[in-house]
Amino acid sequence: MELWFSEKHTDGAKFSVKVDKQLYCAQSDFQRIDVFATPDFGRMLVIDGYVMLTEKDEFIYHEMITHAPMAVHPHARDVLVIGGGDGGVVRELARYDTVERIDLVEIDEMVVKVCRELLPVTACKLNDPRLRIFYEDGAAYVRRFQDEYDLIIVDSTDPVGPGEGLFGKDFYGDCFRALRDDGILVNQHESPFYDADALAMQLAHRRLAEAFAICRVYQAFIPTYPSGHWLFGFASKKYHPTRDLDAAGWKGRGIKTGYYNTDLHRGAFALPNYVLELLKNAGGE
């Protein structure tokens with residue numbers, strides 16, 4: 001008998017993956033966590049029925065959410081990661097010897113424990129000496145700081161359940177205050193393709209634009225995310241994501257990537273017309 005995992009994208013569309021074996025299933029204090037072994041995508045982390053990552057394509061997401069701001073900010077030393085308990089963003093940040101401190105705020109300790117055990121390729125740098133992990137609500141954590149970080153990466157789940165507070169107007173205002181005068185915030189911005197996801201994207205963009213003088217959106221193509229077309233938000237007090245890109249400096253670091261490069265960086269901010277229209281109607285871009 002064949003086993004399949006299906007994620008509902010809309011009332012009329014599902015994404016299905018053949019499963020070899022269920023490796024883990026548990027209900028934490030916050031959410032249900034599953035890990036599946038699949039023939040096409042390797043191990044797959046699922047939270048509350050939604051695919052968070054697969055071993056096959058997680059590098060796309062984690063490279064784009066991390067290297068895009070790092071290639072723009074000339075001296076990001078103190079970095080806050082909100083969410084990201086799988087360790088993928090930390091892994092990419094750990095490749096920069098100029099980063100001095102990585103603070104990871106993850107609400108669910110079980111996510112970190114499961115990923116350490118079952119997703120070691122993603123979680124391989126969770127023992128980096130520059131890393132501190134705080135198990136608490138990210139929205140409450142960031143509220144305590146002012147002028148503390150050079151870069152904040154919001155690697156959240158979708159805007160429901162534990163991740164809901166990480167899409168609010170107050171949260172983005174608190175992130176603005178926690179950043180230094182030249183700080184950058186990057187977040188996962190949902191997909192523009194399906195109607196419900198597009199509404200969530202528009203709301204996130206509008207709220208970011210209310211807090212930051214510079215607010216742009218960029219894209220990547222991630223096969224296991226809804227529609228495959230995924231957006232990220234880039235918000236900054238000072239730096240423009242393409243005009244201030246230091247392509248030569250980033251290339252000089254010699255970081256080997258599977259998806260990100262500085263030519264693609266520029267192109268990622270060139271959006272399809274339907275996305276531009278959505279952003280225009282959201283009151284930003």
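Select aspartate 34 first and display its surroundings: not counting residues up to four places away in sequence, aspartate 34 touches Gln22, Tyr24, Cys25, Met44, Leu45 and Val46, where contact means heavy atoms within 4.5 Å. What you have open is a predicted model, in which local features need pLDDT of at least 70 and side-chain atom pairs count only at pLDDT 80 or more, while totals for chains, interfaces and linings use all residues. Residues are numbered from 1 along each chain as its sequence is written, and side-chain values use heavy atoms, with hydrogens and water left out.

**Aspartate 34 and its strand**

Keep aspartate 34 selected and colour by secondary structure, and you will find this residue in strand β4, which covers residues 32-38; helices (H or I, at least four residues) and strands (E, at least two) are DSSP runs, numbered from the N terminus. Aspartate 34 counts as buried because its relative accessibility is 3%, given that buried means under 20% relative accessible area, exposed over 50%, and partly exposed in between (1.4 Å probe, protein chains only). Now add glutamine 22 as sticks: its side chain makes a polar contact of 2.7 Å with the side chain of aspartate 34. A polar contact is here a pair of N or O atoms within 3.5 Å; within protein, one must be able to donate a hydrogen and the other to accept it, and residues adjacent in sequence count only if both atoms are side-chain atoms.

**The whole chain**

Zoom out to the full protein chain, whose secondary structure comes to nine helices and 13 strands. Its radius of gyration is 18 Å, close to the 19 Å that the globule rule gives for 285 residues, so the chain is as compact as a globular protein of that length; the radius is taken over C-alpha atoms, and the rule is 2.2 Å times the number of residues to the power 0.38. Along its principal axes, the C-alpha trace spans about 55 × 45 × 35 Å. Of the 285 residues, 56% count as buried, and among contacts between residues at least 6 apart in sequence, 66% join residues at least 24 apart.

Switch to a surface representation for a moment: the protein chain exposes about 12,200 Å², of which carbon and sulfur atoms supply 49%. Such areas come from the Shrake-Rupley method with a 1.4 Å probe, and for residues only the protein chains shown count as cover.

**Two aspartates with positive phi**

Which phi value does aspartate 48 have? It is near 50 degrees, a positive value in a residue other than glycine. Aspartate 48 is found in the loop between β5 (42-47) and β6 (50-54), and it counts as partly exposed because its relative accessibility is 39%.

Go next to aspartate 147, where phi is near 55 degrees, again a positive value in a residue other than glycine. Aspartate 147 belongs to the loop between α4 (138-142) and β10 (149-155), and its relative accessible area of 40% makes it partly exposed.

Stay in that loop between α4 and β10 and select arginine 143, which counts as exposed at 52% relative accessibility. A distance drawn from arginine 143 to valine 46, 97 residues apart along the chain, gives a C-alpha separation of 29 Å.

**Asparagine 187**

Select asparagine 187 in strand β11 (residues 179-188), which counts as buried because its relative accessibility is 2%. A polar contact of 3.1 Å joins its side chain to that of tyrosine 172. Leaving aside neighbours within four places in sequence, the residues in contact with asparagine 187 are Ile65, Val154, Tyr172, Leu208, Phe232 and Gly233.

**Helix α1 and strand β12**

Move to isoleucine 60 in helix α1 (residues 58-70), a residue that is buried with a relative accessible area of 6%. Not counting residues up to four places away in sequence, isoleucine 60 touches Ala220, Phe221, Ile222, Pro223 and Tyr259. The C-alpha atoms of isoleucine 60 and proline 223 are separated by 9.5 Å, although the two residues are 163 apart along the chain.

Finish at tyrosine 218 in strand β12 (residues 214-221), where the relative accessible area is 0% and the residue is therefore buried. Which backbone oxygen lies 2.8 Å from a polar atom of the tyrosine 218 side chain? That of methionine 64 does. For a last distance, pick leucine 231: tyrosine 218 and leucine 231 are 13 residues apart in sequence and 5.6 Å apart in space, C-alpha to C-alpha.
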